[in-house]
Amino acid sequence: MRAVLVKEFGPPSGLAVEEMPDLVPGPGEVVIEIGAVSVNFPDVLVVEGTYQNLPPRPFSPGKEAAGRVIAVGEGVERITVGRRVLALVEHGGYAEQLSVPEELVMELPDEMSYEEAAAFGLVYSTAYFGLLRRGQMKSGETVLVTGAGGGVGSAGVQLAKARGARVIALAQDTAKGELAREQGADVVLTSTPETLRDDLLAATDGKGVDVVLEMLGGDFLTQIIRATAWEGRIVVVGFASGGQNPIKPGHLLVKSISVVGLQSSDYRDRAPELMRSTMAEMFDLFVQGKVDAAVDRTFPLENAGDALQYVREGKVKGKVVLTTGLGGGAGR
């Protein structure tokens with residue numbers, strides 16, 4: 001098997017593709033022949049050595065990989081050889097094979113290709129746990145999704161719309177805003193922090209937004225709080241703008257606003273059965289055509305450094321995926 005290895009932390013250009021021994025499953029594990037693996041911004045941080053969770057080197061990055069099961073270990077009962085699956089892991093996906101505990105593996109619908117599956121898992125689990133579990137979103141509410149046009153943002157717009165919300169998308173630029181509109185956003189904004197509060201109040205007739213899937217932080221979050229409705233819920237999943245301005249308790253108190261955090265990978269590690277049932281629900285929405293996997297570009301595995309640089313530069317509309325050349329993917 002081939003694997004992309006991080007031997008020393010540094011720029012994506014320093015990644016090496018090397019031959020490795022084929023994997024053998026341990027008890028309770030399955031080995032997946034990978035067809036596609038997604039590229040996420042945290043992968044950039046992992047490669048550079050600035051992420052909060054770094055495995056011992058050498059290792060392969062990659063948090064969501066799709067492919068075909070080629071071997072199962074002792075005690076594996078739910079997954080059998082030949083199944084098309086998606087695995088959500090902390091690292092190891094930038095390779096042609098992945099050994100993973102059975103509990104972290106979920107079967108794919110026939111209608112979903114490996115590329116779509118790889119682009120689907122992390123962003124839709126984040127959107128689901130953010131909007132529906134932490135944000136308690138209800139049909140008919142107004143939802144603001146920041147970072148629209150990116151991976152989680154695209155998933156958030158589509159899921160909120162599929163669940164009956166009125167969706168306001170805040171995008172970085174016109175191109176990403178247009179993608180959000182194509183994905184179902186009712187209102188698209190490209191506001192700066194200076195105009196965001198007024199733009200949100202204007203879009204909601206002065207009421208404010210009920211639920212926020214928030215990925216920007218800094219001055220954006222400060223203004224979002226000022227434009228949140230009574231009993232609104234803000235779910236923080238990132239702070240891409242780089243700022244972490246303090247939240248003023250008075251702004252939360254006067255409108256009974258809740259601000260909560262989300263680390264979606266915790267559900268993978270702490271509640272794998274809940275993660276599997278959540279993804280099964282998301283797969284059903286995909287099969288029904290209510291949500292889609294927004295694959296922007298694909299790169300071959302050996303060009304992982306180029307893919308990571310593309311993500312780092314903020315050019316992505318949706319998701320970037322690495323492919324290994326494995327056949328057998330389905331898809332619409």
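A salt bridge is taken here as a side-chain nitrogen of Lys or Arg within 4 Å of a carboxyl oxygen of Asp or Glu. In this predicted model, Lys 63, Glu 90, Arg 268 and Asp 269 are linked in a network of such bridges. By this rule the count comes to 17 salt bridges.

Two contacts of Glu 90 help to place the network in the fold. The side chain of Lys 63 meets that of Glu 90 with N and O 2.8 Å apart. Lys 63 lies in the loop between helix 1 (41-48) and strand 4, and Glu 90 in the loop between strand 5 (84-88) and strand 6 (97-101), so this pair ties together parts that are 27 residues apart in sequence. Glu 90 also forms a salt bridge with Arg 268, where the closest N and O atoms are 2.7 Å apart. Here the two partners are 178 residues apart in sequence, because Arg 268 belongs to helix 8 (residues 265-270) while Glu 90 sits in the loop between strand 5 and strand 6. Both basic partners can be placed by their accessibility: Lys 63 is buried, with a relative accessible area of 7%, and Arg 268 is buried as well, at 6%.

Another salt bridge joins two strands. Glu 33 and Arg 68 meet through their side chains at 2.5 Å, N to O. Since Glu 33 lies in strand 3 (residues 29-39) and Arg 68 in strand 4 (residues 64-72), the pair ties together parts that are 35 residues apart in sequence. Glu 33 counts as partly exposed, at 26% relative accessibility, and Arg 68 is also partly exposed, at 28%.

Turning to the nonpolar interior, the largest nonpolar core has 51 residues, and of these Phe 120 and Leu 131 touch the most other members. Several elements give two or more residues to this core, namely strand 5, helix 2 (114-134), strand 8 (142-148), helix 3 (151-162), strand 9 (166-171), strand 11 (209-214) and helix 9 (272-287). Helix 2 provides the largest share, 12 residues. Apart from this core lies another, of 35 residues, among them Val 6, Val 37, Val 69 and Ala 304. As a general background, nonpolar side chains in soluble globular proteins tend to be buried together.

Phe 120 deserves a second look. Leaving aside neighbours within four places in sequence, Phe 120 is in contact with Glu 64, Met 112, Met 279, Met 282, Phe 283, Phe 286, Val 291, Asp 292 and Ala 293. Phe 120 also forms one aromatic cluster with Tyr 124, Phe 283 and Phe 286.

The structure holds 7 aromatic pairs. In one of them, the rings of Tyr 128 and Phe 129 have their planes at 90 degrees and their centres 5.7 Å apart, so the pair is edge-to-face. Both of these residues are buried. Phe 299 and Tyr 310 form a tilted pair, with 6.1 Å from centre to centre and 55 degrees between the planes. Phe 299 lies in strand 14 (residues 295-300) and Tyr 310 in helix 10 (residues 304-312), so the pair ties together parts that are 11 residues apart in sequence. Phe 299 is buried at 7% relative accessibility, and Tyr 310 is buried at 13%. Tyr 310 has a charged partner too: the charged end of Arg 297 sits over the ring of Tyr 310, 4.9 Å from its centre.

How values were computed: Residues numbered from 1 in each chain as written. Predicted model: local features only at pLDDT ≥ 70, side-chain atom pairs only at ≥ 80, totals over all residues. Heavy atoms only, no water. Helix = DSSP H or I, 4+ residues; strand = E, 2+ residues; numbered from the N terminus. Buried < 20%, exposed > 50% of the residue type's maximum accessible area, 1.4 Å probe, protein only. Phe/Tyr/Trp six-rings, centres within 6.5 Å; stacked < 30°, edge-to-face > 60°. Lys NZ or Arg CZ within 6 Å of the ring centre and 35° of its normal. Core = buried A, V, L, I, M, F, W, Y, C linked by side-chain atoms within 4.5 Å. Contact = heavy atoms within 4.5 Å.
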